[in-house]
Amino acid sequence: MAPKDKYAVILPTYNERRNLPIIIWLLNRTFTENDLDYEIIIVDDASPDGTLEVAQQLQKLYNPKHILLRPRAGKLGLGTAYVHGLKSASGNFVIIMDADFSHHPKFLPLMIATQKRTGCDIVTGTRYAGDGGVYGWDLKRKLVSRGANLVADTVLRPGVSDLTGSFRLYKKSVLEKVMAKTESKGYTFQMELMTRAVGMGYRIEECPISFVDRVYGESKLGGEEIVEYLKGVLSLWLKV
């Protein structure tokens, strides 16, 4: 009998004190109801709101074998948070997602089923294909997101409909190889991961998801991140 699959969720956090207990409850319920082995790796970047203290309480509640804490000394970038979390992942599959409810765990069984059915290397959630959608954003935010994907699609031609999305399921071995070649550290990290995966010949499937704006806290996307994104697209076009 083949060994049971295990799913490692990497959750980077910064000021997610109010969101973390609910997203952990939802993840635990989703994995338990679907009889899936799992671990959740929380990478907190010294959140001033006490996110780490909440995570420590959740670890006691849900069992340390399911909740792993890998805090860092400061805000060091989204990309490096995933690299840091991956070092502790014991699952043969890795899920990357946000901790603010914009990525609902209810889509995980469909993403997992898509991988099992197709045998693909990566399943990426998409807001812009099939039944996917975005809720809670104003027109400006929607235009920025659509524009970012249009720019990337035109310049890089990655073959996926939602290059800027960050809700994905990877074979761990594939993610390790792609991460080893990825240079971005911030918000362009997700885009580079996917672009390099395509260039390396990995098979990617898409799964429509509903993206909902965060319930608590503020978006960390600002003008500096948009400039970084545009620079990242140009850099990838020159390198990949």
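Which residues are buried in helix α3? Before answering, keep in mind that this is a predicted model. Now find α3, which runs over residues 78–86, and you'll see that Gly79, Ala81, Tyr82, Gly85 and Leu86 are the buried ones. They span an arc of only 160 degrees around the helix axis, so they sit on the same side of α3. And what do they pack against? The buried residues of α3 meet strands β1, β2 and β4 (93–96), along with helices α6 (172–181) and α7 (189–199).

Let's follow that last partner. Helix α7 is largely enclosed by the rest of the structure, because 9 of its 11 residues are buried. The buried set starts with some nonpolar names, including Phe189, Met191 and Leu193, but Gln190, Glu192 and Arg196 are buried in α7 too. After α7 comes Gly201, with a positive phi near 85 degrees.

Next, the nonpolar interior. The largest nonpolar core holds 34 residues, and the ones touching the most other members are Leu11, Ile24, Leu27, Phe31, Ile40 and Ile95. Several elements each give two or more residues to this core: β1, α1, β2, α2 (51–62), β3 (67–69), β4 and α4 (108–118). Helix α1 supplies the largest share, with 6 residues. For a closer look, pick Ile40. Setting aside neighbours within four places in sequence, Ile40 is in contact with Val9, Leu11, Ile24, Leu27, His66, Ile67 and Leu68. There's also a second, separate core of 26 residues, and among its members are Ala8, Ile10, Tyr82 and Ile122. You've met Tyr82 already, as one of the buried residues of α3.

Charged residues have their own story here. Side chains of opposite charge can pair when their charged atoms come close. In this model the count comes to 7 salt bridges. One of them joins Lys4 to Asp35, with the closest N and O atoms 3.4 Å apart. These two come from distant parts of the chain, 31 residues apart: Lys4 lies in the segment before β1 (6–13), and Asp35 in the loop between α1 (20–33) and β2 (37–44). Both Lys4 and Asp35 are exposed.

Now compare Lys6 and Glu39, whose side chains form a salt bridge at 3.5 Å, N to O. This pair also links distant parts of the chain, with Lys6 in strand β1 and Glu39 in strand β2, 33 residues apart. Are Lys6 and Glu39 buried or exposed? Both are buried. A further salt bridge brings Glu205 and Arg203 together at 3.3 Å, N to O. Glu205 has a relative accessible area of 21%, so it counts as partly exposed. Arg203 is partly exposed as well, at 42%.

Finally, drop in on Asp45, which you'll find in the loop between β2 and α2. With a relative accessible area of 6%, Asp45 is buried. What does its side chain do there? The Asp45 side chain makes a polar contact with the side chain of Arg72, at 2.8 Å. A polar atom of that same Asp45 side chain also lies 3.1 Å from the backbone nitrogen of Leu76. Leaving out residues up to four places away in sequence, Asp45 touches Thr13, Tyr14, Arg72, Gly74, Lys75, Leu76 and Gly77.

Technical notes
Residues are numbered from 1 along each chain as its sequence is written. This is a predicted model: local features need pLDDT of at least 70, side-chain atom pairs count only at pLDDT 80 or more; totals for chains, interfaces and linings use all residues. Side-chain values use heavy atoms; hydrogens and water are left out. A salt bridge is a side-chain nitrogen of Lys or Arg within 4 Å of a carboxyl oxygen of Asp or Glu. Helices (H or I, at least four residues) and strands (E, at least two) are DSSP runs, numbered from the N terminus. Buried means under 20% relative accessible area, exposed over 50%, partly exposed in between (1.4 Å probe, protein chains only). The arc is that of the directions from the helix axis to the C-beta atoms. Contact means heavy atoms within 4.5 Å. A nonpolar core is a set of buried Ala, Val, Leu, Ile, Met, Phe, Trp, Tyr and Cys residues joined through side-chain atoms within 4.5 Å. A polar contact is a pair of N or O atoms within 3.5 Å; within protein, one must be able to donate a hydrogen and the other to accept it, and residues adjacent in sequence count only if both atoms are side-chain atoms.
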